[in-house]
Amino acid sequence: IALSVVLFVLRDIVAGLWALAAVAVVIDAATLLYYRPSTVNRPSIHRIRKYVTYSLPMDAQTLSSRLIRHADKYLILYFISPTVAGVYAICTSMGKVIEDLGQTLNPTLYPTVVKAWRQDDIETLTRVYTTIFRWFTILGIPAVAGLGILAEPLLATISTTSIADQGQYLLPITAAAFLVAGFNSPLQFVVNAAERNELLSNSYLVAAGLNLVLNYALIPPYGIYGAAAATTASYGLITAYLFYWARTQIPFSFSVVTISKSLAVTAVMTAALLAIPSVLSYPVRLVIYPLVGISIYIPLMVAIGGIDRREIAEVKAIMAE
């Protein structure tokens, strides 16, 4: 609200940034006052070495993650043009929705993983990660396809038809890259619980270096598609490494059968959606296509055994609560 009012009245981007900063300060202060603990556990001076050892790798991981996520935009700006960089930025922002889909469970997943790890409850960890990856696959694959089908109306609605024309093929590619990234997010909690954060920093540092090299090599000849390929390769490296390490600690399963069934049903869903006449307006497509897609995908997945009927009943029970 503050941003909308300031930009509408003052028409000044810098004022908008100050408005965001002011809102952040107010919210943080209010949160601290409201959730102020009755007792404060002061950090022990004798454990400073442990605190630093645990936290410093996370700084390297965070910086490397930001580099992977944003360096390509600046390189596109340098090698090509501001307009193309803007198209790429919009597509990556929308594609990140796929990764965010998997991160919705993070607030409850982190304490669950840490508690199970400390209790050496490998059975619970195995069940949790097997379930998470299974459902992220079931939901993520059709979501990427859906973004591809709706790329043009989505981009035209939030930006311009010119950006929609340039980004309609890029959006599903960036969404696929963030689908790969979404798989490594839950695995980071195992690394945190094991206090092996250097694994995160090392994998992200190597991936960030690879990202820079690939961007420099691929952006000049292939443009924004080269940048998307570099991002996909970087996230693929991180996810593959964390999968390998986590599997040495937790014997979770990653079902190829589920992936195959999801891909097959997604192909059927995509064909059905593409058969709908394109004369429909963009707003109508944004409403109709998701409803039609869900009505095709879920029943077919249940019919071929990709989703168990009991799982549907459990979801309905949770929603009813």
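**Asking why: helices, a pocket and some exposed spots**

Modeller: This protein has 14 helices and zero strands. It's a predicted model, where local features need pLDDT of at least 70, side-chain atom pairs count only at pLDDT 80 or more, and totals for chains, interfaces and linings use all residues. Residues are numbered from 1 along each chain as its sequence is written, and side-chain values use heavy atoms, with hydrogens and water left out.

Colleague: What makes a stretch count as a helix, and what pattern does the protein follow along the sequence?

Modeller: Helices are DSSP runs of H or I with at least four residues, strands are runs of E with at least two, and both are numbered from the N terminus. Read along the sequence, the pattern here is α-α-α-α-α-α-α-α-α-α-α-α-α-α. The C-alpha trace spans about 70 × 55 × 45 Å along its principal axes.

Colleague: How do you know whether α10 and α11 are roughly parallel or roughly antiparallel?

Modeller: Look at the axes, which are lines fitted to C-alpha atoms over the stretch in contact, with angles from 0 to 180 degrees between N-to-C directions. For α10 (residues 197-222) and α11 (residues 224-249), the axes come within 7 Å and cross at roughly 160°. Angles under 35 degrees are roughly parallel, over 145 roughly antiparallel, 65 to 115 roughly perpendicular, and the rest oblique. That crossing angle therefore makes α10 roughly antiparallel to α11. The residues of their contact divide into 21 nonpolar, six polar and no charged. Here Ala, Val, Leu, Ile, Met, Phe, Trp, Tyr, Cys and Pro are nonpolar, Asp, Glu, Lys and Arg are charged, and the others, Gly among them, are polar.

Colleague: Why is G140 called buried or exposed?

Modeller: Buried means under 20% relative accessible area, exposed means over 50%, and partly exposed is in between, using a 1.4 Å probe and protein chains only. G140, in helix α6, has 0% relative accessibility, so G140 counts as buried. Its C-alpha atom is 9.6 Å from that of V180, which is 40 residues apart along the chain. Buried residues make up 39% of the 321 residues in the protein.

Colleague: And which label goes to D121 and why?

Modeller: D121 is in the loop between α5 and α6. At 25% relative accessibility it falls in the middle range, so D121 counts as partly exposed.

Colleague: What is said about the phi of D120?

Modeller: D120 has a positive phi of about 55° although it is not a glycine. Most residues other than glycine have a negative phi. D120 is in the loop between α5 (106-118) and α6 (122-149), and with a relative accessible area of 58%, D120 is exposed. E195 also has a positive phi of about 55° and is not a glycine. E195 is found in the loop between α9 and α10, and at 45% relative accessibility E195 counts as partly exposed.

Colleague: What makes something a pocket, and what lines the second largest one?

Modeller: On a 1 Å grid over the protein atoms alone, a pocket is an open set of points with protein on both sides within 12 Å along at least five of seven lines, while a cavity is a set where a 1.4 Å probe fits but cannot get out; lining residues have an atom within 4 Å of a point. The second largest pocket is lined by 15 residues, with Q61, S65, Q103, Q188 and Y204 nearest its centre. By class, that lining has four nonpolar, seven polar and four charged residues. Helices α3 (48-79), α4 (82-103) and α9 (170-193) each supply at least two of the lining residues.
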